[in-house]
Amino acid sequence: MNLEDMKREIEKLVIAKGFYNSPEDVPKKLLFAFIELGEAADAWKKGMGEEKIAEELIDVIFYVLDASRLACPSVNMDEMFIRKLEKNMARPYQYGEGHRLKQQK
Ligand SMILES: [Mg+2]
């Protein structure tokens, strides 16, 4: 299953369960993704085990992909994943973490 397949499955779930489903709901979905990140961090902090941590991380992915479905519906997320991976791979070593280079000196 790829990201576009997942988006379609998540849309079915959203419709079946009567969840928020309009572009105006994107901020809520992004907030819910943060909440799920917090749940993942809490599960890790409490040593709840890999299954629980993985489940919470999947919740994050659900909300992120659901937000993408409504916020940028014309973007193919599988293609975007590849383009963004290539972009990041082309960046320098430890890009965006310049403070670490200072610490190593
Ligand atoms: Mg959760």
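**A walk through an all-helix model**

Start with the inventory: the protein has 5 helices and 0 strands. Keep in mind as you rotate it that this is a predicted model. Reading from the N terminus, the order of elements is simply α-α-α-α-α. The overall spread is worth a look next. The radius of gyration comes out at 17 Å, while the globule rule gives 13 Å for 105 residues; the value is well over that, so the protein is more spread out than a compact globule.

The box tells you about the extents behind that number. Taken along the principal axes, the C-alpha atoms fill roughly 55 × 35 × 25 Å. As for burial, 10% of the 105 residues count as buried. Then there's the question of how far along the chain the contacts reach. Take the contacts between residues at least 6 apart in sequence: 64% of them join residues at least 24 apart.

Now zoom in on one helix pair. Two packed helices are described by the angle between their axes and the distance between the axes. For helix H1 (residues 3–17) and helix H3 (residues 50–71), the angle is about 90° and the axes are 9 Å apart. That angle falls within the 65 to 115 degrees window, which makes H1 roughly perpendicular to H3.

So who touches whom? On the H1 side, look for Leu3, Met6, Lys7, Ile10, Glu11 and Val14. They meet Phe62, Leu65, Asp66, Ser68 and Arg69 of H3. Sort the residues of this contact by character and you get 6 nonpolar, 1 polar and 4 charged.

Terms used. Residues are numbered from 1 along each chain as its sequence is written. This is a predicted model: local features need pLDDT of at least 70, side-chain atom pairs count only at pLDDT 80 or more; totals for chains, interfaces and linings use all residues. Helices (H or I, at least four residues) and strands (E, at least two) are DSSP runs, numbered from the N terminus. The radius of gyration is taken over C-alpha atoms; the globule rule is 2.2 Å times the number of residues to the power 0.38. A residue is buried if 20 or more other C-beta atoms lie within 10 Å of its own, exposed if 12 or fewer, and partly exposed in between; C-beta atoms are placed from the backbone. Two residues are in contact if their C-beta atoms, placed from the backbone, lie within 7 Å. Axes are lines fitted to C-alpha atoms, for helices over the stretch in contact, and angles run from 0 to 180 degrees between N-to-C directions. Angles under 35 degrees count as roughly parallel, over 145 as roughly antiparallel, 65 to 115 as roughly perpendicular and the rest as oblique. Ala, Val, Leu, Ile, Met, Phe, Trp, Tyr, Cys and Pro count as nonpolar, Asp, Glu, Lys and Arg as charged, and the others, Gly among them, as polar.
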